[in-house]
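The following exercises ask the reader to work through a protein model step by step. Each task is followed by its solution.

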Amino acid sequence: MNNDFFKFGIIGNPLLHSISPTIQSSALLSANLNGCYEKFEVSKEDIPRQIEFFKDNDFSGFNVTIPHKLEILKYLDEIDETAKKIGAVNTVKITDDKKLVGYNTDIYGFYGSLKGDSISNASIIGCGGAALAVVFGLEILGCKKLDIYARNTEKAQLFVKNIKLKTKIQLIVKPLETLDNLENTDILINATPLGTKGINEDKSPVDGNIFASAQKSMIVYDLVYNPSETIFLKAGKNCGLKTTNGLDMLILQGAKAFEIWTGIYPNVEKMKIAATNELI
Ligand code: NAP
């Protein structure tokens, strides 16, 4: 056992349902390291004070989640190239000389959860913060064309305008209500909160009947991980399609963050077991 005591945290708002403390505690255990990982529910205005707290108390790093992944950029001393390209940071390392270095490990979580799958044409529903990491993750997976389905196409056009010069993927905005045929897509991704436990649990961004139009090899991917099978995934599964929820993405982004902070890549299987037990 290493004698150092590692301190990590997560900032965001709300954080009540975050399972990051569970997966990072499991990572510490699997890496045989002493440490802790705590939640800090802070407003945008409180971020500078929180950063001072982390520095004063010798934290090694912290995660950043909704709604601060863009706001954090202005407080960083350095930004890794991938995070710069995406324009969002979810992991910050605090160096020994108290400098803040920002990374985006959501992209690693997304493409890592799909390794081995061949994706040329993709479709995504929603275009918020998580969709940014998905676009650049799809590029790594070889995607050439992405249809972006949105309830608000003006917002989606702005999303495309902000990233189109940074990616080779052809990005096409379409109104969500026009999504009625999946025969030409290799993967359909839900990047909205619809289906999440709570008030959105009984909702899906699409009518389940559309899955009948998909090729048998199409992947149905939901960024939501709680519940493990959303209505969206259930409808895809009922049509015999391969389904993936957001848990692997969550675990892999956490594992990469842990590696950035400690230099050790943790045991992701153990992290997944801990997460699954917490979500039951
Ligand atoms: P976000 O920035 O708030 O974006 C949400 C997107 O969903 C927006 O485009 C929004 O459209 C759209 N949307 C919301 N309600 C909708 C509705 N009723 N019908 C159609 N579209 C709707 O959130 P985010 O950070 O991108 O996160 C999206 C989901 O991914 C969340 O469930 C989050 O928990 C999950 N997530 C998972 C992971 C993981 O590791 N598995 C990582 C990050 C996020 P408007 O712009 O019109 O509101």
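**Exercise 1: Unusual backbone sites**

Pro67 is located in the loop between strand 3 (61-64) and strand 4 (78-79); helices (H or I, at least four residues) and strands (E, at least two) are DSSP runs, numbered from the N terminus. The model is predicted, so local features need pLDDT of at least 70 and side-chain atom pairs count only at pLDDT 80 or more, while totals for chains, interfaces and linings use all residues. Residues are numbered from 1 along each chain as its sequence is written, and side-chain values use heavy atoms, with hydrogens and water left out.

Task: Determine which residue is joined to Pro67 by a cis peptide bond, and where Pro14 and Asn32 are placed.

Solution.
- Step 1. Ile66 is joined to Pro67 by a cis peptide bond, with omega about 5°.
- Step 2. A cis peptide bond also joins Asn13 and Pro14, with omega about 5°. Pro14 is in the loop between strand 1 (5-12) and helix 1 (20-30).
- Step 3. Asn32 is not a glycine, yet has a positive phi of about 60°. This residue is in the loop between helix 1 and strand 2 (34-41).
- Step 4. For background, most residues other than glycine have a negative phi, and most peptide bonds are trans.

**Exercise 2: The mixed sheet**

Task: State in what order the strands of the open sheet with mixed pairing are arranged, and which helices lie on them.

Solution.
- Step 1. The six strands follow the order 2-1-3-5-6-4; two strands pair if DSSP finds at least two bridges between them.
- Step 2. Strand 2 and strand 4 are at the edges with a single partner strand each, so one side of each has no neighbour in the sheet.
- Step 3. Eight bridges link strand 1 and strand 2 in the parallel sense. Phe5 stands opposite Asn34 in strand 2.
- Step 4. Helix 1 packs on the sheet and touches strand 1, strand 2 and strand 3, where contact means heavy atoms within 4.5 Å. Its direction makes about 170° with that of strand 2; axes are lines fitted to C-alpha atoms, for helices over the stretch in contact, and angles run from 0 to 180 degrees between N-to-C directions.
- Step 5. Helix 8 lies across strand 1, strand 2, strand 3, strand 5 (91-94) and strand 6 (100-103), at about 15° to strand 5.

**Exercise 3: The parallel sheet**

Task: Identify the edge strands of the open sheet with parallel pairing.

Solution.
- Step 1. Six strands are arranged in the order 9-8-7-10-11-12.
- Step 2. Strand 9 (170-175) and strand 12 (242-244) are the edge strands, each pairing on one side only.
- Step 3. Strand 7 (residues 121-125) and strand 8 (residues 145-150) run parallel and are joined by five bridges. Ala122 has Leu146 in strand 8 as its bridge partner.
- Step 4. Helix 6 (residues 153-163) lies across strand 8 and strand 9, at about 170° to strand 9.

**Exercise 4: The ligand shell**

Task: Describe which residues come nearest to the ligand and which helices supply its shell.

Solution.
- Step 1. There are 21 residues around the ligand, and Cys127, Gly129, Ala130, Arg151 and Gly246 come nearest; a residue is near a molecule if one of its heavy atoms lies within 4 Å of it.
- Step 2. Helix 5 (129-140) and helix 8 (247-262) each supply at least two residues of the shell.
- Step 3. A polar side-chain atom of Lys155 lies 3.1 Å from an oxygen atom of the ligand. A backbone N or O atom of Leu223 lies 3.0 Å from a ligand nitrogen atom.

Conventions: A polar contact is a pair of N or O atoms within 3.5 Å; within protein, one must be able to donate a hydrogen and the other to accept it, and residues adjacent in sequence count only if both atoms are side-chain atoms.
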